[in-house]
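Please open the model in your viewer and keep the sequence panel beside it. The stops below are meant to be selected in turn.

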There are 2 protein chains.
Amino acid sequence: MTIAAPVERKHVESLVREVLTQRLRGGSSARQIDGPPHPLVVNVSARHVHVTQEHLEILFGAGSKLTKMKDLYQQGEFASEQLVTMVGPRQRIIPNVRILGPIRNYTQVELSYTDGVYLGIDLPLRISGNHEGTPGCTILGPKGSITIPHGVIRAERHVHMSTEDMAYYGVKDGDYLKLKITGPSGVTFDRVRVRYHPKVILEVHIDTDEGNACDLETATKIELIK
Amino acid sequence: MTIAAPVERKHVESLVREVLTQRLRGGSSARQIDGPPHPLVVNVSARHVHVTQEHLEILFGAGSKLTKMKDLYQQGEFASEQLVTMVGPRQRIIPNVRILGPIRNYTQVELSYTDGVYLGIDLPLRISGNHEGTPGCTILGPKGSITIPHGVIRAERHVHMSTEDMAYYGVKDGDYLKLKITGPSGVTFDRVRVRYHPKVILEVHIDTDEGNACDLETATKIELIK
């Protein structure tokens with residue numbers, strides 16, 4: 001699940017303030033020529049699962065469809081109503097892990113290192129979809145269970161960028177930027193990987209360990225720097 | 001519990017290599033004049049509890065003493081064999097939380113934000129011993145339970161320094177340094193508070209969220225910088 005509220009709200013508020021200030025000053029409401037094309041949004045990705053249609057039907061029954069609980073920040077992405085249970089090699093479980101939609105052409109589990117230690121899985125750091133040499137696990141659903149041989153990862157922290165975002169920051173797909181979070185638990189994440197897609201909007205994804213390490217909710221300033 | 005192994009071993013190994021190299025080169029085994037007085041050690045503090053003798057006896061029975069499981073890095077500090085269970089307001093529990101010795105003159109629970117979210121406790125960021133306005137909780141032991149009105153915190157990340165460590169880094173008690181962790185999940189912790197005591201040796205303490213965010217075990221370089 002993506003926890004977007006505090007930071008996103010802050011950015012929306014700051015954007016609204018900026019536009020209102022410009023209007024009150026008699027200026028234009030268009031964004032500044034040298035400003036960023038999109039506001040910088042940082043979202044914390046809690047543990048979640050992506051599934052193929054085949055696996056969804058094993059877990060939830062033949063003919064099942066993912067149903068939307070709420071939209072995520074990227075258009076078309078959503079948190080589904082479907083929850084599964086992860087089973088690890090230490091015979092411990094994590095219940096209520098949400099499936100994110102839409103359906104993918106691979107099944108993947110994204111956990112934090114805290115989850116990995118609890119379950120007994122040594123998580124590799126990977127970009128979504130790169131499953132070579134990754135461990136598997138068992139996933140329980142209400143109608144059945146699957147055991148995947150690969151696909152359990154810690155997602156490498158990343159920033160989704162469109163062509164104009166990359167141009168503004170002067171980076172290309174696969175480059176690394178720093179994310180500086182100022183606040184009582186201030187942290188600079190030194191390796192935030194740029195992930196290009198023509199249809200995304202600017203958004204950084206970090207996991208719960210990272211979001212808790214910097215206490216994102218109390219952040220007073222957020223910057224992407226080279 | 002303090003998880004010291006990978007980083008500490010690395011530093012000890014590097015120190016041994018350094019001394020051996022100096023000797024093989026016919027140099028002195030004394031540390032360089034401009035080098036740090038102590039090797040930089042970073043330890044991850046997992047969730048733990050400090051207790052008063054009165055509370056220990058309620059939890060474990062009259063006349064109980066803390067018994068040592070293993071020594072920690074700072075002289076006199078130890079992980080005890082005594083374990084308790086934390087109870088939070090969401091009626092969830094965290095079992096097997098270790099008491100660190102020796103006995104203190106206050107009872108304090110140090111949790112990560114991940115733990116706080118799970119238990120339903122909004123943790124304040126505090127230096128050990130500062131309990132003003134902090135929440136309490138219920139602690140269960142094998143012989144009884146206590147409910148403390150205050151004392152549940154996230155420990156502010158900090159570095160223990162002696163007089164000569166502070167002189168080397170040019171800081172004083174209460175100042176902040178940065179801790180730069182280089183590696184696949186590289187992070188710079190921007191606010192690491194200097195805590196002075198004449199009898200400590202140089203040691204940084206971060207919590208499990210922070211240790212997992214930077215994946216301390218895979219770190220290739222660790223620096224304290226201004």
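Where along chain A is the place of A:Pro102? Select A:Pro102 and you will be in the loop between strand S6 (93-101) and strand S7 (108-110) of chain A, where helices (H or I, at least four residues) and strands (E, at least two) are DSSP runs numbered from the N terminus. This is a predicted model, in which local features need pLDDT of at least 70 and side-chain atom pairs count only at pLDDT 80 or more, while totals for chains, interfaces and linings use all residues. Residues are numbered from 1 along each chain as its sequence is written, chains are lettered from A and ligands numbered from 1 in the order in which they are written, and side-chain values use heavy atoms, with hydrogens and water left out.

Stay at this loop and display the backbone: A:Gly101 and A:Pro102 are joined by a cis peptide bond, with omega about 0°. In chain B, a cis peptide bond likewise joins B:Gly101 and B:Pro102, with omega about 5°. Most residues other than glycine have a negative phi, and most peptide bonds are trans. Next select B:Gln91, in the loop between strand S5 (78-87) and S6 of chain B, which has a positive phi of about 60° although it is not a glycine.

Now show both chains together. The contact (heavy atoms within 4.5 Å) takes 21 residues from chain A and 21 residues from chain B. The area buried between them, that is, the accessible area (1.4 Å probe) lost on being put together and summed over both, is about 1,700 Å², with carbon and sulfur atoms giving 43%. Select A:Tyr113, A:Asp190 and A:Asn212, which supply 25% of the area that chain A buries against chain B, more than any other three residues.

Keep A:Asp190 selected and add B:Lys180: their side chains meet in a salt bridge at 3.5 Å, N to O, the rule being a side-chain nitrogen of Lys or Arg within 4 Å of a carboxyl oxygen of Asp or Glu. Two salt bridges are found across this interface.

For the strands, select S14 (187-196) in each chain; three bridges join S14(A) to S14(B), and the two run antiparallel, pairing being assigned if DSSP finds at least two bridges. Within this pair, A:Val187 has B:Phe189 as its bridge partner.

Finally, superpose chain A on chain B by least squares on the C-alpha atoms of residues with pLDDT of at least 70 in both. The operation is a rotation of 180° with 0.0 Å of shift along its axis (RMSD 0.0 Å), which is the relation of a two-fold axis.

Note on methods:
Buried area = accessible area lost by both parts, 1.4 Å probe.
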